[in-house]
Amino acid sequence: VVGQMGTGNSLSTNYSSGTGGGGGTFVYEKSSVTYYIAVAGGGGAKTSNSNLNSDTDDADGKYNTTSGTTIYGYSNSYVAAGGTSGSGGSNSTRGILYGGAGAGVNSNGATHSKSAHGLSRSSGWLGGTGTYYGGFGGGGAGWNNVLTRCGGGGGYSGGQGGSWSNSIHGTAGGGGSYNSGGNQDNASGINAGHGLVVITLDSPA
């Protein structure tokens, strides 16, 4: 499964612009559902202003944890948790409008009436639908009504959806990754486009 970018203005750092979350990329054996590599998709655009209480790099997919990114709001007034152990990301604990969360390998992300969650393996890896569509690979949808709530990234565990309320901002989180390979070279935020898989034979015939 090769993840896609979400739709929208993914290069913007302005809180009034944004995108759906990126889909994750997965290499697994279908019949046994054995995962070899699960590369996280990024969350929605790295929205920021003076009230952002999260590192904008939180939108990147993560390489050093299987858990999706958890975002803490302004003055820690709300929290939106990333998924763990293969689950999808959650919505904000504050009763506000937010983007759809990214899917994990075992379950869909949390959803909102305006911006759907990303879907997990059992649901076809589809991205969520909203103002901005989530990318194939379980990306959550983004929603815009002048101010944007970005979608979370799909991954081994999904990233949370972004929020906005009363000048309180939080970027959407990237998903978590998993790598069972023996010769690993891992880093976060390396790929800025669609997902990519390159398979090279170790001992070509």
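Which residue in β10 does isoleucine 37 stand opposite? I looked it up in the predicted model. Isoleucine 37 faces asparagine 179 there.

**Entry: the β2–β10 pairing.** I went on to the strands around that pair. Strand β10 covers residues 178-179 and runs antiparallel to β2. I found two bridges joining β2 and β10.

**Entry: the β1–β2 pairing.** I then turned to the start of the strand list. Strand β1 spans residues 25-29, and strand β2 spans residues 34-39. Five bridges join β1 to β2, and the two run antiparallel. I checked one position across this pairing: tyrosine 28 stands opposite tyrosine 35 in β2. So far, then, I have β2 paired with β1 and with β10.

**Entry: the turn.** I looked at what connects β1 and β2. They form a hairpin, with four residues between them. I noted the backbone of valine 33 in the turn, where phi is positive at about 50 degrees.

**Entry: the whole chain.** I stepped back to the secondary structure. I count 10 strands and zero helices in the protein chain. Read from the N terminus, the order is β-β-β-β-β-β-β-β-β-β.

**Entry: contacts and burial.** I took contacts between residues at least 6 apart in sequence. In the protein chain, 53% of these join residues at least 24 apart. For burial, I get 48% of the 205 residues.

**Entry: surface.** I closed with accessible area. The protein chain comes to about 9,200 Å². Carbon and sulfur atoms account for 49% of that surface.

Notes: Residues are numbered from 1 along each chain as its sequence is written. This is a predicted model: local features need pLDDT of at least 70, side-chain atom pairs count only at pLDDT 80 or more; totals for chains, interfaces and linings use all residues. Side-chain values use heavy atoms; hydrogens and water are left out. Buried means under 20% relative accessible area, exposed over 50%, partly exposed in between (1.4 Å probe, protein chains only). Contact means heavy atoms within 4.5 Å. Accessible areas come from the Shrake-Rupley method with a 1.4 Å probe; for residues, only the protein chains shown count as cover. Two strands pair if DSSP finds at least two bridges between them.
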